[in-house]
Amino acid sequence: MCRSIKTLRPPAQPEEATEEEMRAAALQYVRKVSGFRAPAEHNREVFERAVDVIAAATADLLDGLEVRGSARGTAAART
């Protein structure tokens with residue numbers, strides 16, 4: 001269903017995704033799932049709320065990912 005959703009970042013750098021990129025990905029997802037590019041006025045609130053919730057879930061996911069062997073992990077091991 002979501003084959004065309006853009007990857008936000010390379011797997012080794014979860015901290016590099018910006019809030020703007022996360023929101024754009026959330027919007028793309030909501031559009032795909034709802035079937036609407038832009039909601040009608042009577043659906044705007046629920047559409048925007050879904051984008052906000054998914055963007056927040058995306059931020060939580062990326063904040064919690066631990067990528068083994070990444071430069072971030074290597075630098076931490078050196079200090």
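Reader: Which residues of helix 2 are called buried?

Author: The buried residues of helix 2 are Phe47, Val51, Ala55, Thr58 and Leu62, where buried means a relative accessible area under 20%, exposed means over 50%, and partly exposed lies in between, with a 1.4 Å probe and protein chains only. A helix here is a DSSP run of H or I with at least four residues, a strand is a run of E with at least two, and both are numbered from the N terminus. The model is predicted, so local features need pLDDT of at least 70 and side-chain atom pairs count only at pLDDT 80 or more, while totals for chains, interfaces and linings use all residues. Residues are numbered from 1 along each chain as its sequence is written, and side-chain values use heavy atoms, with hydrogens and water left out.

Reader: What places the buried residues of helix 2 on the same side?

Author: They cover an arc of only 70° around the axis, the arc being that of the directions from the helix axis to the C-beta atoms, and therefore they sit on the same side of helix 2. The face turned away from that buried side carries the exposed residues Glu45, Val53, Asp60, Asp63 and Gly64.

Reader: Which residues of helix 1 are buried, and why are they said to line one face?

Author: Met22, Ala25, Ala26 and Val30 are the buried residues of helix 1, and because they fall within an arc of 135° when seen down the axis, they line one face of the helix. These residues pack against helix 2, just as the buried residues of helix 2 pack against helix 1.

Reader: Why does the length of helix 1 agree with what is expected?

Author: The expected span of a helix is 1.5 Å times one less than its number of residues. For the 16 residues of helix 1 this comes to 22 Å, and the end C-alpha atoms are 22 Å apart, so the two values agree. Helix 2, with 21 residues, reaches 30 Å from its first C-alpha to its last, close to the 30 Å expected. Helix 1 is followed by glycine 35, whose phi is positive, near 85°.

Reader: Which residues form the largest nonpolar core, and what makes a group of residues such a core?

Author: A nonpolar core is a set of buried Ala, Val, Leu, Ile, Met, Phe, Trp, Tyr and Cys residues joined through side-chain atoms within 4.5 Å, and the largest one here has five residues, namely Ala26, Val30, Phe47, Val51 and Ala55. Helix 1 (19-34) and helix 2 (44-64) each supply at least two residues of this core, with the largest share, three residues, coming from helix 2.

Reader: Which residues are in contact with phenylalanine 47, once its neighbours within four places in sequence are left aside?

Author: Contact means heavy atoms within 4.5 Å, and by that test phenylalanine 47 is in contact with Leu27, Val30, Arg31, Ser34, Phe36, Arg37 and Pro39.

Reader: What makes the pairing of glutamate 48 and arginine 23 a salt bridge?

Author: A salt bridge is a side-chain nitrogen of Lys or Arg within 4 Å of a carboxyl oxygen of Asp or Glu, and the side chains of glutamate 48 and arginine 23 meet at 2.7 Å, N to O, so the pair satisfies the rule. Since glutamate 48 lies in helix 2 and arginine 23 in helix 1, the pair ties together parts that are 25 residues apart in sequence. By this rule the count comes to four salt bridges.

Reader: Which side chain meets aspartate 52 in a salt bridge?

Author: Arginine 23 meets aspartate 52 at 2.6 Å, N to O, and because aspartate 52 lies in helix 2 and arginine 23 in helix 1, this pair ties together parts that are 29 residues apart in sequence. Arginine 23, at 32% relative accessibility, counts as partly exposed, as does aspartate 52 at 42%.

Reader: What separates arginine 49 and glutamate 45 along helix 2?

Author: Being four residues apart in helix 2, arginine 49 and glutamate 45 are separated by about one helical turn, and their side chains meet in a salt bridge at 3.4 Å, N to O. Glutamate 45 has a relative accessible area of 62% and is therefore exposed, whereas arginine 49, at 45%, is partly exposed. Elsewhere, salt bridges that share partners join Arg23, Glu48 and Asp52 into one network.
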